[in-house]
Structures are given as structure tokens and as C-alpha cells.
Amino acid sequence: MNPQDYCQQKAARSGSSFYYSFRLLDPERREAITALYAFCREVDDVADECADAQVARVKLAWWRGEVEALYAGQPTHPVTRALQPAVQRYELPREQLLEIIDGMEMDVDINRYGTFRELSLYCYRVAGVVGLLSAQIFGYRNRATQKYAHDLGMAFQLTNIIRDVREDAERNRIYLPLEDLRRFDVSEDDILNVKESDRFRQLMAFEAARAEELYQKALEELPPEDRYAQLPGLAMAAIYRELLREIAAEGYQVLRQRTTLTPLRKLWLAWRTAREEKRLHRARQRQ
């Protein structure tokens, strides 16, 4: 199996919404974003699957070394070998790949966040930076697109946090800021013991509104001349916002179930977004 096939299989097995948006790219960019996604999955799996924190730290330290080897032209892992041409072609900064590992180390060392400000650093490292790297691969002309990419990544991560409250609680992780729990009179034990209440649902509605605000902010920040190049991100946003609406429609039962969209629905949302963006792109070209 060559490095590209390894990354492709890892992305396909994940069933992630991102996989559907990758299909909108040309082969060269698709290979690059798939390799980046596979890198994120590899280091995320270390943080999620290693029960021993010390082992997780050793493995993440190995990945730091692998990133250094990548930029020295001597990668050894299939994922970093697949990333090598993308790093050169799209000028992906080494510091941003290392920052993703920093975020995964936070998963090993921190299982509570006191404030939204503290949580924002985590979201930036594990998602905002990924948004910036993705925008670099998709291509842009206006630097304002970086603000869009950052805020969209943050919105994706908040959506993940809302969807995965129960799954995270099973690992004794609560990403919802403790200041928000106090505001809505929800205790850590309520979440760890799967105790639903009107107060918990109000808390989740508050967090969902915060995520939606970030989606709207990001979309307003995207310069018109870069919309078409950033089509995969827009398709992902359509899928993630639909997921957020679905969670709300189900009454924020995230302690009992993990809401998902079917592959067909994700594909349809990506296709509908692509069709609309192509129409807008043609209209702009005629002006």
C-alpha cells in the first residue's frame, strides 16, 4: 500500500463529514487534504486511545519528531510521507502541524476548562489551525480568508463538543466550560451520570447558539473572490450546521445518544452546496 492509499483508507474508514467535501477537490488538492486529515486522525487517536497518559505523551513526542523529519525531507510514517509533497507545494507551516500536537497534548493533560477563553485555546489548536492549513491547500487570494478559516474551524470544534458530550464524559472529559455549567446550574456529576434536565438542555442551546454565531461570523468574513476555491469548507459548514439543527430538533439529547447524519444526507448537502456555489461563481464571472 502506498502512502496516499493509506491516508485514503484512514479517511474513508472514519466516516467523517470532511471526507464528503474532499470529493469536491481536484486530485492534487484532494490528496493533500486527505493526508492532512490522516495526520490529524493519527495524533487524535493517540490522545483518545492511550489509557496511559505517559504512553500517550511518548507517542505524541514521536509524532513531533516525525514532523521535524518531514521538514528535513526524511519522513518515515506513511502519513508524513503522503504529506511531504503537500507541505512543499502549499507551503504548510511546520509550526501549525506542531500546534495540532500541542492540542492533543491538552487532551492528555486537561479534562476540564474553567472558561470559554481557556477552551478557545484548545479549539484553536485542534481545529482553528486545521482550518488555516486547509484554506492554504484549497487556495485563496485575499488574506481575510484566514479569519474565515480560523472561525469556521472553531465552529466545527464547538459542534463536535456538543455532539460528543456523552462520549467525552465516558473518558472523564468535560469540554463545556465550567463557568457555563455554573450559569445554568448544571453540575459535573449531572453530565458524568447522564442526568438530563431542562437546565442541561438550556446549557446546550446556549452552546449551540455560540457555535452558530461563529458559523455566521466565518461566512461573513469569507471574501467573495475566494468563495469558490473554499468550496470544500462551505460544504463542510453545510453538513455541520445541519447536524447542529438536528441535535436541536431532537431536544439536545446528547447525553443519551450521538446524533449523526446518514452518508446519503451528507452527500446531498455537499452536492447542493457545490451546485449553489458554482451558480454564484458563474454569475460573478459574468459581471
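**Group meeting talk: an all-helix predicted model**

The protein chain exposes about 13,700 Å², and carbon and sulfur atoms supply 47% of that area. Please keep in mind throughout that this is a predicted model.

Let me begin with the overall architecture. The secondary structure of the protein chain comes to 14 helices and zero strands. Read from the N terminus, the elements run α-α-α-α-α-α-α-α-α-α-α-α-α-α. The radius of gyration is 19 Å, close to the 19 Å that the globule rule gives for 287 residues, so the protein chain is as compact as a globular protein of that length. Along its principal axes, the C-alpha trace spans about 50 × 50 × 30 Å.

Two further values describe the chain as a whole. Buried residues account for 52% of the 287 residues. Of the contacts between residues at least 6 apart in sequence, 72% join residues at least 24 apart.

I turn now to the interior. In soluble globular proteins, nonpolar side chains tend to be buried together. Here, the largest nonpolar core has 93 residues, and those with the most contacts inside it are Phe 39, Ile 100 and Ile 191. Which helix gives this core its largest share? That is helix H7, residues 116-138, with twelve residues. Ile 100 illustrates the packing: beyond its neighbours up to four places away in sequence, Ile 100 touches Phe 39, Cys 40, Val 43, Arg 125, Val 129, Val 130 and Leu 133.

Charged residues also deserve our attention, and I have chosen two. The first topic is Arg 112, which lies in the loop between helix H6 (94-109) and H7. Is Arg 112 buried or exposed? Arg 112 counts as buried because its relative accessibility is 19%, and the cut-off for buried is under 20%. What does its side chain reach? The side chain of Arg 112 reaches the backbone oxygen of Asn 172 at 2.8 Å. In addition, a polar contact of 2.7 Å joins the side chains of Arg 112 and Glu 188. Leaving aside neighbours within four places in sequence, the residues in contact with Arg 112 are Asn 172, Arg 173, Ile 174, Leu 178, Glu 188 and Leu 192.

The other charged residue is Asp 151, in helix H8, residues 145-163. With a relative accessibility of 6%, Asp 151 counts as buried. Its side chain makes a polar contact of 2.8 Å with the side chain of Lys 217. Not counting residues up to four places away in sequence, Asp 151 touches Leu 214, Lys 217, Ala 218 and Glu 221.

Those partners bring us to helix H12, residues 198-221. At 1.5 Å a residue, the 24 residues of H12 should span 34 Å; the end C-alpha atoms are 35 Å apart, which agrees. The buried residues of H12 include Phe 200, Leu 203, Met 204, Leu 214 and Tyr 215, and also Glu 207, Arg 210 and Glu 221. What covers the buried residues of H12? The cover includes H7, H8, helix H9 (165-169), helix H10 (178-183), H11 and helix H13 (231-249).

For another helix, consider H3, residues 27-49. H3 has 23 residues and reaches 32 Å from its first C-alpha to its last, close to the 33 Å expected at 1.5 Å a residue. At the start of H3, a side-chain oxygen of Asp 26 comes to within 3.1 Å of the backbone nitrogen of Glu 28.

Next, two loop residues with positive phi values. Glu 91 lies in the loop between helix H5 (78-89) and H6. Its phi is near 50 degrees, a positive value in a residue other than glycine. Glu 91 counts as exposed because its relative accessibility is 61%. Val 194 is found in the loop between helix H11 (188-192) and H12, and its phi is near 55 degrees. With a relative accessible area of 35%, Val 194 is partly exposed.

Finally, let us look at Ala 82, in helix H5. Ala 82 is buried, with a relative accessible area of 6%. Beyond its neighbours up to four places away in sequence, Ala 82 touches Pro 3, Gln 4, Cys 7 and Ala 35. How far is the C-alpha atom of Ala 82 from that of Leu 234? The two are separated by 25 Å, and the residues are 152 apart along the chain.

How values were computed: Residues are numbered from 1 along each chain as its sequence is written. This is a predicted model: local features need pLDDT of at least 70, side-chain atom pairs count only at pLDDT 80 or more; totals for chains, interfaces and linings use all residues. Side-chain values use heavy atoms; hydrogens and water are left out. A nonpolar core is a set of buried Ala, Val, Leu, Ile, Met, Phe, Trp, Tyr and Cys residues joined through side-chain atoms within 4.5 Å. Buried means under 20% relative accessible area, exposed over 50%, partly exposed in between (1.4 Å probe, protein chains only). Helices (H or I, at least four residues) and strands (E, at least two) are DSSP runs, numbered from the N terminus. Contact means heavy atoms within 4.5 Å. A polar contact is a pair of N or O atoms within 3.5 Å; within protein, one must be able to donate a hydrogen and the other to accept it, and residues adjacent in sequence count only if both atoms are side-chain atoms. The expected span of a helix is 1.5 Å times one less than its number of residues. The radius of gyration is taken over C-alpha atoms; the globule rule is 2.2 Å times the number of residues to the power 0.38. Accessible areas come from the Shrake-Rupley method with a 1.4 Å probe; for residues, only the protein chains shown count as cover.
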